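Student: I would like a close look at a single part of this model, followed outward to whatever it touches. Please take it slowly and keep the reasoning explicit.

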Amino acid sequence: MIALPIILVVITLIGVRFSGFHKDYAGISQTTAVKGFFAAVIVMSHLLGYVTSLAHPTEEIYRTVINHIGQLMVAMFFFYSGYGVVVSYQKKGDYYNTFLKNRLLKVLVHFDIAVLLFAIMNLVLSISYDKAQYITCWVGWGSIGNSNWFIFDTLVFYFIAFIAMTVREYTKTDMKIFASVVSVLCLFFWAIMAILYGKAATWWYDTVLCFPVGIWYAVFKDKIDAFAKKWYFYLPTLALLSLGFAFLYGRRFYVEYYSLLAPVFCLLLTWVTMKVKFDNKILGWLGKHSFSIYIIQRIPMVILTHLGLNKNNNVFALLVVITVLLSAWLFSLLLSQVDKLIFKKKKS
């Protein structure tokens, strides 16, 4: 199992390029590669929930590495999501009018197709869940074996973004108002989830602030880039972000600090990608299929466990990697056909 993070690091280093300043550090190829890296980390994290034991010292090292990454493995997804909303909103004229369908509804439909597959699997394998879970699982509030909280948060973020867009459209204000409304509503969402889940399930809300930070970053990107291109500004900022990350990481067991740690991590990694470009076909493929990898990965894990193939951790890990990647590819093909039927514009 310890080979998995080592292989991922080696893959990440393939084609790494250093530069004074990468103009496309927030472009699709770079962000897709970063998402590909963290999609692989998420698989390695969930894998731990299905192994029988971690008796070997190297397996304990594996768990320690994954545990230290923790919720930071999803932070960049929320950050890039917020960033992407602003970029698309500014570039696409009809973005507001099509947002609910092409963003929120699309995620929900893709998610529900996966949930349906989980329901079928549970029926075949005689896996039972409480009826309440089957009622709430379709919006990510409950779970029938699938990963859910990330999708629920994403749906909330998109709904918040739509509210902020509506405010801006009717008030004819600039993007700073849009970003402010998103920030206030996200803080409100954070507070609600903190009340509901407290310290028992902090993963529901400890990365919430990454989304509005991504929003603000996109709003001020031109000014940030002009600032960062000057090395005498870039290096002190990198140092401050590193110190801030180290300070907050040392207090990561307190959710209030972790909620700040996650967006600081996003800013730090973004600052690094200005100089270091991670971009290769493997990470690109993983990033392109990151949604499918995230949402479908537990099906192979559950089936392999049901077949008793999780007794040997190394064999199980290998089988998981193969079956998850294959399943994600097939699921992406299915979603592409669904999109052609529901979300593609019809030619006049």
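Student: How many residues does the largest nonpolar core have, and which of them have the most contacts inside it?

Tutor: The model is a predicted one, and what follows should be read in that light. The largest nonpolar core has 123 residues, and those with the most contacts inside it are Leu47, Met76, Val85, Phe178 and Met274. Helix 5, which covers residues 95-125, supplies the largest share of this core, namely 15 residues. As background, nonpolar side chains tend to be buried together in soluble globular proteins.

Met274 is a good place to begin. Setting aside neighbours within four places in sequence, Met274 is in contact with Phe21, His22, Tyr25, Tyr217, Ile224, Asp225, Ala228 and Tyr234. One of these partners, His22, sits in the loop between strand 1 (17-18) and helix 2. His22 has a relative accessibility of 9%, and because buried means under 20%, His22 counts as buried. Not counting residues up to four places away in sequence, His22 touches Arg17, Thr273, Met274, Lys275, Val276 and Lys277.

Val85, also listed among the core residues with the most contacts, leads to another residue, Phe211. Phe211 belongs to helix 9 (residues 210-219), and with a relative accessible area of 0% Phe211 is buried. Beyond the residues up to four places away in sequence, Phe211 touches Phe78, Ser81, Gly82, Val85, Phe157, Ala161, Val182 and Cys186. With Ala161, the separation along the sequence is 50 residues, whereas the C-alpha to C-alpha distance between Phe211 and Ala161 is 9.9 Å.

Two helices can be examined in terms of both their length and their burial. Helix 2 has 20 residues, which at 1.5 Å a residue should span 28 Å, and its end C-alpha atoms are indeed 28 Å apart, so expectation and model agree. Of those 20 residues, 15 are buried, and helix 2 is therefore largely enclosed by the rest of the structure. For helix 12, the 19 residues should span 27 Å at 1.5 Å a residue, which agrees with the 27 Å between its end C-alpha atoms. Helix 12 is likewise largely enclosed by the rest of the structure, because 14 of its 19 residues are buried.

Both helices reappear around the second largest pocket, whose volume is about 730 Å³. This pocket is lined by 29 residues, of which Ser45, Gly70, Gln71, Met73 and Trp203 are the closest to its centre. Two or more lining residues come from each of helix 2 (28-47), helix 3 (57-69), helix 4 (72-91) and helix 12 (255-273). Helix 3 gives the most to this lining, with 4 residues. Sorted by class, the lining of the second largest pocket holds 14 nonpolar, 11 polar and 4 charged residues.

Helix 3 also contains His68, which is partly exposed, with a relative accessible area of 40%. Apart from residues up to four places away in sequence, His68 touches Tyr249 and Arg252. The C-alpha atoms of His68 and His22 are separated by 29 Å, with their positions 46 residues apart along the chain. Another approach to this part of the chain is made by Ile2, in the segment before helix 1 (3-13). Ile2 touches Thr58, Ile61 and Tyr62 when residues up to four places away in sequence are not counted. Ile2 and Tyr62 are 60 residues apart in sequence, yet their C-alpha atoms are 5.4 Å apart in space. The relative accessible area of Ile2 is 25%, so Ile2 is partly exposed.

Two loop residues deserve a separate note on backbone geometry. Most residues other than glycine have a negative phi. Ser126, although not a glycine, has a positive phi of about 60°, and its place is in the loop between helix 5 and helix 6 (131-136). Ser126 is exposed, with a relative accessible area of 66%. Lys172 is not a glycine either, and its phi is positive at about 55°; Lys172 is placed in the loop between helix 7 (149-171) and helix 8 (175-197). With a relative accessible area of 68%, Lys172 is exposed.

Conventions: Residues numbered from 1 in each chain as written. Predicted model: local features only at pLDDT ≥ 70, side-chain atom pairs only at ≥ 80, totals over all residues. Heavy atoms only, no water. 1 Å grid on protein atoms, 1.4 Å probe; cavity = no way out; pocket = protein on both sides within 12 Å on 5 of 7 lines; lining within 4 Å. Points joined across faces, edges and corners; volume = space filled by probe spheres on them. Nonpolar A, V, L, I, M, F, W, Y, C, P; charged D, E, K, R; others polar. Core = buried A, V, L, I, M, F, W, Y, C linked by side-chain atoms within 4.5 Å. Buried < 20%, exposed > 50% of the residue type's maximum accessible area, 1.4 Å probe, protein only. Contact = heavy atoms within 4.5 Å. Expected span 1.5 Å × (residues − 1).
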